[in-house]
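Please follow the model below from one buried side chain outward to the chain as a whole. Each paragraph takes up one region in turn.

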Amino acid sequence: MNRLPLSGVRVADFSWIIAGPTATRHLALMGADVIKVGSARRPDPSTRGSAFHVYNQSKKYTALNLSQQRGKDLALDLVAQCDVVVENYAAGVFERLGLGYDVLSEVRPDIVMIASSGTGHTGPDRDYVAYGSLLQHYTGWNSISGYPDSEPIKGGLWADPWVGMELAMITVAALNHRLETGTGQYVDFSMAEALSASLPEALLDYQMNGIEPVPVGNRDRNLAPHSVYRCAGDDRWIAVEVHTSEQWHSLCEVIGRADLVSDSNLDTPEGRKAREDEIDRAIGAWTSEIDDEEAFHLLQRAGVPCGLSLDMGRLHAEPQLNEGGYLTSIEYPDGAERVLPTLPWRFDGSPDFQLGPAPELGHDSAYMYSELLGLSDADIEALIEERVIY
């Protein structure tokens, strides 16, 4: 019988907000039994937003108050029956709770522990508390994002989902290592280092040439044309970028500018870059008179790299995402249906994803305390009264 890749793997998920839950969501959809641990004492802040319904798909959700010693003892009992522990508190918090790797590996010697924090668990900045949007500033990302002669971009939330995917990949790699060696391991993950590693060109340019990168908007430092152009209609745009002479010639033919093809000075990236403003005006004059989807199909058929700038409504209706199964309707216990994303890959020969709605806090407490830990109904009632299960 075909099984999902992580069938039989159990994960104790102590993470919250975005990055950690994104990672454990990937694990859950790939078949892992993910038990999210939370408490009404300090609710996951993301619970108030719609994103929670994506980041916590297909998980179980149990209530456990880690501020009490009995709660910490129960957490250790849970870890003893798990393969992976994921946490993304500030550095040192999990250790101060008495749940550091040294303790967890005593109750489960082959445990894989993924500890994610803003700047890692060592070094002079380890005690800084930060969210992904702030780390985009700390790592220099926002200093090179935006338009020339304007303030740096202040926000953006792409860092957390990005890190979440990396955390999921690292978890699977650690599980594979355990399968081969029989040993678990502790992974100290720094969000800041992960983001910095995605800026190799900017870092090397400064290191080797002493050049401080600056924002260039939608343009590229070497390629032209490379921008987003307004199309006919209200707030309709298309992105176009050209790499080769063939693509440049095809673009000129589509927009009806054969005169630009005959200009040999524009046959090289350097020549086009020198006259970028002129080229952008020529493309913009054509796109402003045409529907964005028509422009997209004309350019694509001519072999010119381009893409539509879709708003959320048009993205939601995109046939490729719906017919391919990426956007899927999920039924909730109250009978409501929500169309939510799954994963951007499929497993050949395996069943569909383990797809279910995000649960409410405490929805699966009975599963954890009765089925996994073997507590009696009377014990569970007492723990509820004492606000250990809370």
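Which backbone oxygen lies 2.5 Å from a polar atom of the side chain of arginine 25? In this predicted model, the atom in question is the backbone oxygen of threonine 342. Arginine 25 belongs to helix α1, and its surroundings deserve attention. The residue is buried yet has no salt bridge; aspartate 13, the nearest side chain of opposite charge, is 11 Å away. A salt bridge requires a side-chain nitrogen of Lys or Arg within 4 Å of a carboxyl oxygen of Asp or Glu. Leaving aside residues up to four places away in sequence, arginine 25 touches Val54, Tyr55, Gln57 and Lys59, and also Pro341, Thr342 and Leu343.

Proline 357 can be considered next. It is located in the loop between β11 (337-341) and α17 (365-372). With a relative accessible area of 24%, proline 357 is partly exposed, because that class covers the values between 20% and 50%. Valine 54, one of the residues that arginine 25 touches, is 303 residues from proline 357 in sequence, while the C-alpha atoms of valine 54 and proline 357 are 8.2 Å apart in space. When residues up to four places away in sequence are not counted, proline 357 touches Asn56, Gln57 and Ser58, together with Ile330, Glu331, Tyr332 and Pro333. Gln57 thus appears among the residues touched by arginine 25 and among those touched by proline 357.

Two positively charged side chains are placed over aromatic rings. The ring of tyrosine 332, a residue that proline 357 touches, has the charged end of arginine 338 over it, 4.2 Å from the ring centre. The charged end of lysine 60 sits over the ring of tyrosine 367, at 4.6 Å from its centre.

The aromatic residues also associate with one another, and the structure holds eight aromatic pairs. One of them is formed by phenylalanine 14 and phenylalanine 94, with 5.2 Å from centre to centre and 65° between the planes, an edge-to-face arrangement. This pair links distant parts of the chain: phenylalanine 14 lies in the loop between β1 (10-13) and α1 (19-29), whereas phenylalanine 94 lies in helix α4 (residues 93-96), 80 residues apart. Both phenylalanine 14 and phenylalanine 94 are buried. The rings of tryptophan 158 and tryptophan 162 have centres 5.4 Å apart and planes at 45°, so this pair is tilted. Tryptophan 158 is partly exposed, at 32% relative accessible area, and tryptophan 162 is partly exposed at 28%. Phe14 and Phe94 further belong to one aromatic cluster with Trp16 and Tyr89.

Helix α10 offers a view of packing between elements. Which residues of helix α10 are buried? Within its span of residues 245-254, they are Gln247, Trp248, Ser250, Leu251 and Cys252. The elements covering these buried residues include strand β8 (237-241) and the helices α11 (258-261), α12 (269-274), α13 (276-287) and α14 (292-301). After α10 comes glycine 256, whose phi is positive, near 75°.

Several backbone details remain. Most residues other than glycine have a negative phi, and most peptide bonds are trans. Against that background, alanine 224 and proline 225 are joined by a cis peptide bond, with omega about -5°. Proline 225 is in the loop between α9 (200-209) and β7 (226-230). Aspartate 235, in the loop between β7 and β8, has a positive phi near 55°. Aspartate 149 likewise has a positive phi, near 60°. It is situated in the loop between α6 (132-138) and α7 (159-181). With a relative accessible area of 87%, aspartate 149 is exposed.

The chain can finally be viewed as a whole. It contains 18 helices and 11 strands, and its C-alpha atoms fill a box of roughly 85 × 50 × 40 Å along the principal axes. Of the 390 residues in the chain, 44% are buried. Among the contacts with a separation of 6 or more, 68% involve residues 24 or more positions apart. The pair formed by phenylalanine 14 and phenylalanine 94, 80 residues apart, illustrates such a link between distant parts of the chain.

Notes: Residues are numbered from 1 along each chain as its sequence is written. This is a predicted model: local features need pLDDT of at least 70, side-chain atom pairs count only at pLDDT 80 or more; totals for chains, interfaces and linings use all residues. Side-chain values use heavy atoms; hydrogens and water are left out. Rings of Phe, Tyr and Trp (its six-membered ring) pair if their centres lie within 6.5 Å; planes under 30 degrees apart count as stacked, over 60 as edge-to-face and the rest as tilted. Helices (H or I, at least four residues) and strands (E, at least two) are DSSP runs, numbered from the N terminus. Buried means under 20% relative accessible area, exposed over 50%, partly exposed in between (1.4 Å probe, protein chains only). A charge sits over a ring if NZ of Lys or CZ of Arg is within 6 Å of the ring centre and within 35 degrees of the ring normal. Lys and Arg count as positive and Asp and Glu as negative; His and the chain ends are not counted. A polar contact is a pair of N or O atoms within 3.5 Å; within protein, one must be able to donate a hydrogen and the other to accept it, and residues adjacent in sequence count only if both atoms are side-chain atoms. Contact means heavy atoms within 4.5 Å.
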